[in-house]
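Ready for a few exercises at the bench-side screen? Open the structure in your viewer, try each task yourself, and then read the solution.

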Amino acid sequence: MAVGLSWFSMDAAKADETVTQGAGIVVSKPASAVQHAGSGHHQNKKAARAASSSKNSTPADVAGPEHINVVGHLNRERARIFPGLGAVDYNIDQRQITSTPGGQNAAFSQILLRVPGVVLDSYGEVHVRGEHGGLSYRVNGVLLPEGLNGFGQELDTRIIQSVDLLTGTLPAQFGFRTAGVVDVTTKTGDSLKHNQVSLYGGSYNTFVPSLQLGGQHGKLDYFTTLSFTRNNIGIENPSNTFRAIHDVTEQEKAFSYLSYHIDDVSRVTLLTSASYAEFEIPNSFKTFDATSPDYTTIYDVAGINPHDPSMNWAKMNDSQTEQNYYAVLSYQRTTDKLNFQASPYFRYGRIDYTPDRDRDLIYQGVSEHEVNDFTTGGMQFDLSYEIARHHTLRAGFLGQYTSERLDTNTLAFPVDAHGNQSSNVPVRLIDNTGNWSVEAGAYVQDEYKITRNLTFNYGIRYDRFASSFGNEGQLSPRANMVWKPTRTTTLHIGYSRYFAPPSPQYVYPSTLAKFAGTTNAAANLINNATKVEKSHYVDGGILQRITPEVQITLDAYAKWAHDLTDLGQFGRAVILAPFSYKRGRVYGAEFGSSWRQGPWSLFGNFSYVKTSARDINSAQYQFDTAELAYIKTHAIQLDHQGEFTSTAGASWTTKHDMAYIDFVYGYGLRSGFANLEKQPAYEVFNIGYQHTFTKVPLGHDIKVRADVVNLFDKRYQLRNGSGVGIYQAQYGQRRGTFFSVVSEF
């Protein structure tokens, strides 16, 4: 039983009341955002949402009633395998995505940002409930292998039919990355009414053509999307100017969904994705301009005049490319009591950072070419079985192997005992290292419906992490109680023991030794391997439906962790690497509300989070010794803590028109020595309007849209380049006006 908030319509709320028990769930009205308020087997609202995209198609859009029933039935049964029993579940439907700035062209992080407890950071990152990373992504119930942490956002908003963010005390079936589970239900040929071609563009030379195709042929259902993005704001501007210097990006993405219905109770599904992105690294005058207070030393390079205009910092040409590819094959089968899904998967990712040799040597004293590769292969199996009238058993396992490789080719200058440059001839240092890891987990849990309104879900899982630098395991109990005293009130409380392994990115002592005595030397030589984070997590909250149109949630949580994992950027290449604190604590609360009646829809969220951590106990070589000494004896706040955050929005939607206003408030992230300072707070307003033309000479509909992002041109800084694990400064996006045209055919 998942408890949470969703943006839902009055019709959906009415449809909620028509859900029947058993395998033949029927939803009489569109319910793409039905609230999760029932038990996993008897009233699973996520199952109803999954079915709704099939149930609400017109006969002209599908192969026939039998096909609709098969698709809806299999979607419902798959949702029963993966319910968010006792977790806090925030659902985002198509209506909410449409009223987000940019709509289906919005970055995926912007979609998540409109959920309580989510804080915005630089490089498109978001933090959920005070965690840095720790999110796992599932597409149609299948775990996506973890990739590298770079600039690009691999998940494309265009593929989403709906998305759920599960947080809190997750049931035993969810392991490893437990800060939150982003569960995406993709569009299918059945849910895509018409093919679409789109053109999006505007400020910052933005140009984004895209294509969506889908349909059905007999038992085959398919959906695919292709897109290309080019703009001049690939990475946040390091200064408060309107345009960054050297910040062009070009990105190509492709996604494909294929599903073949073997018979009425089984199907095979193939998901494939490919993305390739090129980023220019923006140049920061604060670091390289001699008139700036943050100016760094200009190094002496043999044969090069640093004052030659051609060597100006503004002409630096550092760049980074990112590639990500994955494939997931799933076999699903359902019977009267038994449902299962088996999914082998494979993923490959690469980040390639290319320096500007001469200018990097002049202004940084180091020029380093880095190539970081990740390859993952694994298998996931999950099942649910109704063992008795009031008991549903769920069990499964996941195992994967990851190979990581980091190849660097570095030019650096020799230094004397005081750290001063001792030669103007750089030395070349080549270092090629790699790591491996094996992650395996198995679980069993029982959903016990004690009474009609009281459900107890309890379970246990065992996880093991073995790698080239460590080996740990843990038995983790989980338990959640959900009570629905009235039809409009749902209470929940839970406890989870978590086991969260780090990514396999360990730098060996031999690597540190190579750079000793150069301008690329580590701050110190202490280099303990990052351990698995082990934590206790408690969560409790209430969902109150005040009227059929209005609902609110209030939730509180606390976490106590050993070896609390964090991520930091160390060096000019944007590859986030793990480190950890010996002890950590996170606690907070969040409030969410929604109202939807007729064409009107409103939401408002507020969250509070507080973090503390002490004693960095891994990858210490990346930190100044004075900072390490201070953190060893003082509890500090984590750099990604945004103590308060709020989002709100209002939209008006009819058959032909949509208008919205959107608001985001950020309290400011931590900065300075040992995170003792804070960035200024900010507030950003966005507006947009969309009109649909239905009587067109060719095709079906044409949608024309305009968005204004950062309406009042608020200048705000996300990062100032200081803080634990922070290397570069970034400012939020200035005002931008964007337009899109979508033609259905």
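Below are six exercises on a predicted model, each with a worked solution.

**Exercise 1. Classify two aromatic pairs**

Task: Find how the rings of Tyr331 and Phe340 are arranged, then do the same for Tyr608 and Phe644.

Solution:
- Step 1. A pair of aromatic rings is described by the distance of the centres and the angle of the planes.
- Step 2. Rings count as paired if their centres lie within 6.5 Å, and planes under 30 degrees apart are stacked, over 60 edge-to-face, and the rest tilted.
- Step 3. The structure holds 24 aromatic pairs. In one of them, the centres of Tyr331 and Phe340 are 6.0 Å apart and the planes meet at 55 degrees, so this pair is tilted.
- Step 4. For Tyr608 and Phe644 the centres are 5.4 Å apart with the planes at 40 degrees, so this pair is tilted.
- Step 5. Now place the second pair along the chain. Tyr608 belongs to strand E24 (residues 600–616) and Phe644 to strand E25 (residues 644–653), so the contact ties together parts that are 36 residues apart in sequence.
- Step 6. Return to Tyr331 to see its company: Tyr331, Phe340, Phe381 and Phe397 form one aromatic cluster.

**Exercise 2. Buried or exposed?**

Task: Assign a burial class to Tyr331, Tyr608 and Phe644, then look at helix H7.

Solution:
- Step 1. Buried means under 20% relative accessible area and exposed means over 50%, with partly exposed in between.
- Step 2. Tyr331 has a relative accessible area of 29%, so Tyr331 is partly exposed.
- Step 3. Tyr608, at 25%, is partly exposed, and Phe644, at 27%, counts as partly exposed too.
- Step 4. Helix H7 (residues 357–364) is mostly covered, as six of its eight residues are buried. Those buried residues are Arg359, Asp360, Leu361, Ile362, Tyr363 and Gln364.
- Step 5. Step just past the end of H7 and you meet Gly365, with a positive phi of about 80 degrees.

**Exercise 3. Find charges over rings**

Task: Which ring lies under the charged end of Arg461, and which under that of Lys678?

Solution:
- Step 1. Start from Arg461: its charged end sits over the ring of Phe176, 5.8 Å from the ring centre.
- Step 2. Move to Lys678, whose charged end sits over the ring of Tyr667, 4.1 Å from the centre.
- Step 3. Keep Arg461 in mind, as this residue returns in Exercise 5.

**Exercise 4. Map a nonpolar patch**

Task: Which strand gives the most to the nonpolar surface patch?

Solution:
- Step 1. Select the members: Leu220, Leu258, Tyr260, Ile262, Leu270 and Leu329 make a patch of about 450 Å².
- Step 2. Compare them with the strands. Strand E11 (residues 249–263) gives the most, with three residues.
- Step 3. Check one example. Leu258 is found in E11 and is partly exposed, with a relative accessible area of 33%.

**Exercise 5. Follow the hairpins**

Task: Trace the pairing from strand E17 to strand E18 and on to strand E19, then trace E8 to E9 and E9 to E10.

Solution:
- Step 1. Strands of a sheet pair through backbone hydrogen bonds, either parallel or antiparallel.
- Step 2. E17 (residues 427–451) pairs with E18 (residues 454–467) in the antiparallel sense over 14 bridges. Two residues separate them in a hairpin, and Tyr443 has Arg461 in E18 as its bridge partner.
- Step 3. E18 is joined to E19 (residues 470–486) by 14 bridges, again running antiparallel. This hairpin also has two residues between its strands, and Leu454 stands opposite Trp483 in E19.
- Step 4. Turn to E8 (residues 196–202) and E9 (residues 206–217), antiparallel and joined by seven bridges. Their hairpin has three residues between the strands, including Tyr204 with a positive phi near 60 degrees.
- Step 5. E9 pairs with E10 (residues 220–231) over nine antiparallel bridges. Here two residues lie between the strands, and Gly218 takes a positive phi near 65 degrees.

**Exercise 6. Find the sheet edges**

Task: Which strands stand at the edges of the open five-stranded sheet?

Solution:
- Step 1. Read the order, E1-E6-E7-E4-E5, with mixed pairing.
- Step 2. E1 (88–92) and E5 (142–143) each have a single partner strand, so one side of each is left without a neighbour in the sheet.
- Step 3. Inspect one edge: E4 (residues 135–139) and E5 pair antiparallel over two bridges, with Arg138 opposite Leu143 in E5.

How values were computed. Residues numbered from 1 in each chain as written. Predicted model: local features only at pLDDT ≥ 70, side-chain atom pairs only at ≥ 80, totals over all residues. Heavy atoms only, no water. Buried < 20%, exposed > 50% of the residue type's maximum accessible area, 1.4 Å probe, protein only. Helix = DSSP H or I, 4+ residues; strand = E, 2+ residues; numbered from the N terminus. Lys NZ or Arg CZ within 6 Å of the ring centre and 35° of its normal. Patch = residues over 30% accessible without salt bridge, like charges linked within 9 Å, V, L, I, M, F, W, Y side chains within 5 Å. Areas by Shrake-Rupley, 256 points an atom, 1.4 Å probe, with all protein chains shown as cover. Salt bridge = Lys/Arg side-chain N within 4 Å of Asp/Glu carboxyl O. Pairing = 2+ DSSP bridges.
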